[in-house]
Amino acid sequence: MNAREEILRRLGDTEADPAAYAAIPRPYLRRHHDGDVVELFAERAADYRAEVRRVAGADLPGVLGELRGRYVAPDGLPEAWTAGVDVVRDDPPVSIADLDALDGVITGCAVAIAETGTVVLDHGPGQGRRALTLVPDHHVVVVESARIAADVPEAVERLSPDRPLTFISGPSATSDIELSRVEGVHGPRRLTIVITD
Amino acid sequence: MSTDQRAAGAARMPTYVGMPAFPEAARDAVRDTRLRRNLTHATTTIRAKRAAAVSELADWAELRETAKRIKDHTIEHLGHYLRLLEEQVTARGGIVHWARDAAEANRVVADLIKATGETDVVKVKSMATQEIGLNEALAAEGIRAHETDLAELIVQLGHDRPSHILVPAIHRGRAEIRDIFRREMPGAPDDLTDEPARLAEAAREHLRERFLKAKVAVSGVNFAVAETGSLVVVESEGNGRMCLTLPETLISVMGIEKVVPSWQDLEVFLQLLPRSSTAERMNPYTSVWSGATEGQTFHLVLVDNGRTATRDDEVGRQALRCIRCSACLNVCPVYQRAGGHAYGSPYPGPIGAILSPQLRGAGSPVDDSLPYASTLCGACYEVCPVAIDIPEVLVHLRSRAVHGRAEKAAMRFAAWTLRSPTRLAFGQRLAGTAGRMLGRRGGIRRLPGPLTRWTDTRDAPVPATETFREWWEKRS
């Protein structure tokens with residue numbers, strides 16, 4: 001008997017009853033805060049040492065234009081946003097070594113979560129393949145306010161399991177030294193969140 | 001215990017070589033004042049933070065109850081959900097492997113790595129691979145596994161063993177970490193201080209090149225969604241993302257109990273896990289992928305290693321709900337004093353005391369002693385985000401533990417004495433006399449003969465010089 005058969009045999013290998021699963025009660029809250037999700041998101045993201053800016057859509061290119069250095073931009077990121085930035089388009093794909101030499105990356109996001117101050121990338125248009133937002137040391141992410149979900153359940157509902165997803169809450173950090181949080185390990189050490197309408 | 005059972009235990013999870021029973025191991029740890037200081041500092045810090053993070057959610061009890069029910073349902077129908085997971089991962093281009101025990105899992109992973117022609121792999125911290133002793137097994141095949149999680153790196157560079165589920169180097173203070181880095185990390189800056197930010201930066205520099213060049217990575221899995229074939233890895237530093245994203249081949253090793261039925265279940269666990277483990281509203285990074293992603297070759301290794309046997313025990317199976325948050329370690333008075341090494345397995349603390357003996361299923365001295373490594377105070381149950389009643393399982397495992405011949409004889413003798421009032425009265429008078437001879441200052445430090453085992457770890461009270469009956473007769 002091979003390993004698969006034997007493990008399944010040990011488990012008795014029965015069909016689960018979908019009704020039994022559906023009957024599991026879910027009495028928890030769908031959201032913990034009513035009211036302005038944008039304000040809450042800005043506050044919570046800042047709690048994890050992300051640099052948070054709120055700008056009107058028309059001012060976005062100006063604010064991004066303040067970035068100094070060379071940034072990579074994924075396919076599908078509106079060109080108007082980065083008109084004032086020294087950007088490299090990821091087309092053809094930039095090598096990992098070259099990504100490491102750049103100053104940062106500018107992307108959009110799929111969803112944001114107000115309660116936890118999280119941005120979620122699904123690596124679709126405007127967000128790029130996963131390495132793009134991992135290797136450069138500064139990640140600038142533009143969050144359109146309509147993308148902000150109030151809480152985790154709403155975000156999970158909006159996201160598609162068919163896409164690879166990256167949940168990002170603040171710059172990379174560790175709690176491995178004496179269980180205290182320190183920012184800045186392997187992922188981007190700087191996270192800038194620009195909230196726009 | 002038969003030789004076969006022992007061999008099966010050894011194939012599952014290695015007991016650390018020469019590991020003594022918990023009381024002996026703990027005795028040395030308790031005497032180590034630096035260890036106790038480090039542990040007390042770290043656990044009390046995180047305890048207060050966790051309480052704050054949990055109290056933010058008014059529905060914590062409901063989330064916890066739902067998580068418990070989801071896990072119980074999944075464990076009940078584990079075969080069904082594993083087949084579904086396999087089907088979905090395969091449909092999305094992943095390759096699924098099954099392993100009955102640690103030896104088989106290690107064989108599968110080693111063969112997959114060898115097939116790539118690589119001799120170095122990067123690793124994301126994973127309890128499953130600790131449990132099966134993967135690094136040691138790979139080393140025996142000439143493959144170097146480089147741990148990339150900061151705490152795992154500290155343990156690996158220090159030629160040490162992990163002592164905590166979440167923070168394997170919790171027994172090390174910042175000054176010790178600096179010394180280990182200076183001594184063992186090639187290229188560590190000479191002026192390295194013990195500032196945590198500087199230490200984190202040194203780790204970044206040390207691993208950067210390795211990440212960017214790695215061809216094969218090995219990871220664990222926090223959750224696997226059966227209906228969508230999605231794998232979830234929850235982490236902080238970005239070393240996880242580096243390993244999951246950059247290499248051409250990704251091999252993820254998961255215990256079969258990590259599966260959850262549906263995508264929606266993540267909304268429960270992604271709220272419970274970060275707040276319970278690092279006391280954060282959300283951990284810095286969570287990666288989710290379904291099957292082969294962005295051109296990568298993806299292997300998923302499903303490991304039993306004692307889980308099906310654990311599941312067969314109606315009381316003990318609740319240990320399989322564990323999501324490895326480590327909250328129970330941080331609140332445990334025994335863990336805080338004895339430290340993680342005394343538990344003799346990668347799973348220390350209260351959860352380790354019920355998980356290791358069940359997974360290993362074989363009676364090494366340390367496993368037999370683990371169900372007793374607790375005061376049954378219940379703090380672990382209270383903080384557990386999936387409501388594992390650890391004290392209940394401990395008591396259950398105690399009743400299952402092998403009792404020595406002398407202990408059985410003593411119990412039979414006690415029963416014989418208690419059955420007859422005459423025998424009991426005689427016994428009490430005898431004890432009173434013995435008490436007057438042995439007792440000093442209210443306690444007996446050392447009992448004679450085989451009874452020394454009782455007084456090895458505690459004082460025995462002096463028997464009363466007068467029985468209750470004698471006292472009652474005098475009064476009336």
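In this predicted model, Glu144(A) has Thr196(A) in β12(A) as its bridge partner. That pair belongs to the junction between strand β7 (residues 138-144) of chain A and strand β12 (residues 190-196) of chain A, which run parallel and are joined by seven bridges.

Both strands are part of an open sheet of six strands in chain A, which pair in parallel fashion in the order β1-β12-β7-β4-β2-β3. At the edges of this sheet stand β1 (51-55) and β3 (86-89) of chain A, each of which pairs on one side only. On average, and with direction ignored, neighbouring strands of the sheet are turned by 25° against each other. Helix α3 (residues 37-47) of chain A packs on the sheet, where the helix touches β1 and β12 of chain A, and its direction makes about 155° with that of β1(A).

Strand pairing also crosses from one chain to the other. Strand β9 (residues 165-168) of chain A and strand β9 (residues 285-290) of chain B run antiparallel and are joined by four bridges, and within β9(B) it is Ser287(B) that stands opposite Thr166(A). The two strand pairs described here are set side by side below.

| Strand | Partner strand | Direction | Bridges |
|---|---|---|---|
| β7 (residues 138-144) of chain A | β12 (residues 190-196) of chain A | parallel | seven bridges |
| β9 (residues 165-168) of chain A | β9 (residues 285-290) of chain B | antiparallel | four bridges |

The contact between the chains takes 58 residues from chain A and 74 residues from chain B. On the side of chain B that touches chain A, helix α11 (residues 196-213) of chain B gives the most, with 10 residues. Sorted by class, this side of chain B has 37 nonpolar, 23 polar and 14 charged residues.

Chain B itself holds 24 helices and 12 strands, and its domain assignment gives domain 1 (1-401) and domain 2 (405-475). The C-alpha centres of these two domains of chain B lie 46 Å apart, while the C-alpha atoms of chain B fill a box of roughly 90 × 55 × 50 Å along the principal axes. How does the radius of gyration of chain B stand against that of a compact globule? Because a compact globule of 476 residues would have a radius of gyration near 23 Å, the 25 Å of chain B agrees with that expectation. Of the 476 residues in chain B, 52% are buried. Among the contacts in chain B with a separation of 6 or more, 75% are accounted for by residues 24 or more positions apart.

How values were computed
Residues are numbered from 1 along each chain as its sequence is written. Chains are lettered from A and ligands numbered from 1 in the order in which they are written. This is a predicted model: local features need pLDDT of at least 70, side-chain atom pairs count only at pLDDT 80 or more; totals for chains, interfaces and linings use all residues. Two residues are in contact if their C-beta atoms, placed from the backbone, lie within 7 Å. Ala, Val, Leu, Ile, Met, Phe, Trp, Tyr, Cys and Pro count as nonpolar, Asp, Glu, Lys and Arg as charged, and the others, Gly among them, as polar. Two strands pair if DSSP finds at least two bridges between them. The radius of gyration is taken over C-alpha atoms; the globule rule is 2.2 Å times the number of residues to the power 0.38. A residue is buried if 20 or more other C-beta atoms lie within 10 Å of its own, exposed if 12 or fewer, and partly exposed in between; C-beta atoms are placed from the backbone. Domain bounds come from an automatic or database domain assignment. Axes are lines fitted to C-alpha atoms, for helices over the stretch in contact, and angles run from 0 to 180 degrees between N-to-C directions.
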